[in-house]
Amino acid sequence: ERTSRPASAHTLGGSTRTSKCRQKQSLPPSCHDKAVLLYEYVGKRIVDLQHTEVPDAYRGRGIAKHLAKAALDFVVEEDLKAHLTCWYIQKYVKENPLPQYLEHLQP
């Protein structure tokens, strides 16, 4: 069964926090705009990282990079496989070819 869930990350004091319950969170917490990472489980242990989106007002601040890192770290921590539909996450992996990321990519 395929399910879509939005995931998000936000920066607080320079660290990235992800919501394991997949709820959208504000970025920064006092703002109404949201930065999101969209993904879909396409199997029990396979997640398709589909799209990152950062509001115009926050672009160029490394927020998408934090989203990409948080998503890939989650994939590693949960021992999942990732399919990278999102062009930005593909770029992030090429620029940060860490073995733990590469081992968890779905061919």
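How much space lies in the largest pocket? The answer is about 210 Å³. A pocket is defined on a 1 Å grid over the protein atoms alone, as an open set of points where a 1.4 Å probe fits, with protein on both sides within 12 Å along at least five of seven lines. Grid points are joined across faces, edges and corners, and the volume is the space filled by probe spheres set on the points.

The model is predicted: local features need pLDDT of at least 70, side-chain atom pairs count only at pLDDT 80 or more, and totals for chains, interfaces and linings use all residues. Residues are numbered from 1 along each chain as its sequence is written, and side-chain values use heavy atoms, with hydrogens and water left out.

The secondary structure comprises 3 helices and 6 strands. Helices (H or I, at least four residues) and strands (E, at least two) are DSSP runs, numbered from the N terminus. Their order along the sequence is β-β-β-β-β-α-β-α-α. Of the 107 residues in the protein, 38% are buried. Buried means under 20% relative accessible area, exposed over 50%, and partly exposed in between, with a 1.4 Å probe and protein chains only. Contacts are heavy atoms within 4.5 Å. Among contacts with a separation of 6 or more, 49% join residues 24 or more positions apart.

The largest nonpolar core has 25 residues. Such a core is a set of buried Ala, Val, Leu, Ile, Met, Phe, Trp, Tyr and Cys residues joined through side-chain atoms within 4.5 Å. The residues with the most contacts inside it are Val47, Leu49, Val54, Leu72, Leu84 and Ile89. At least two core residues come from each of strand 4 (36-41), strand 5 (46-53), helix 1 (63-77), strand 6 (81-84) and helix 2 (87-95). Helix 1 gives the most, with 8 residues. In soluble globular proteins, nonpolar side chains tend to be buried together. Beyond its neighbours within four places in sequence, Ile89 contacts Leu37, Leu49, Thr52, Ala68, Leu72 and Leu84.

Helix 1 has 15 residues. From its first C-alpha to its last, helix 1 reaches 21 Å, close to the 21 Å expected at 1.5 Å a residue. The expected span is 1.5 Å times one less than the number of residues. Buried positions in helix 1 are Ile63, Ala64, Leu67, Ala68, Ala70, Ala71, Leu72, Phe74 and Val75. An α-helix has 3.6 residues a turn, so residues three or four places apart point the same way. Ile63 belongs to helix 1 and has a relative accessible area of 8%. Its C-alpha lies 9.6 Å from that of Thr52, 11 residues apart along the chain.

The lining of the largest pocket consists of 15 residues. Lining residues have an atom within 4 Å of a grid point. Thr52, Val54, Ala64, Trp87 and Tyr88 lie nearest the pocket centre. Strand 5, helix 1 and helix 2 each supply at least two lining residues. The lining divides into 7 nonpolar, 4 polar and 4 charged residues. Here Ala, Val, Leu, Ile, Met, Phe, Trp, Tyr, Cys and Pro count as nonpolar, Asp, Glu, Lys and Arg as charged, and the others, Gly among them, as polar.

Val54 appears both among the residues nearest the pocket centre and among those with the most contacts inside the core. Val54 sits in the loop between strand 5 and helix 1. It is buried, at 9% relative accessible area. Not counting residues up to four places away in sequence, Val54 touches Ala35, Arg59, Ile63, Ala64 and Leu67. The C-alpha atoms of Val54 and Lys34 are 6.9 Å apart, across 20 residues of chain.

Asp79 follows helix 1, in the loop leading to strand 6. Its phi is near 55°, a positive value in a residue other than glycine. Asp79 counts as exposed because its relative accessibility is 54%.

His104 lies in the segment after helix 3 (99-102). Its relative accessibility is 10%, so His104 counts as buried. With residues up to four places away set aside, His104 touches Val75, Val76, Asp79, Leu80, Lys81 and Ala82. Ala82 is found in strand 6 and is buried, at 1% relative accessibility. By the same sequence exclusion, Ala82 touches Val47, Leu49, Val75, His104, Leu105 and Gln106. The C-alpha atoms of Ala82 and Asp48, 34 residues apart along the chain, are separated by 5.7 Å.
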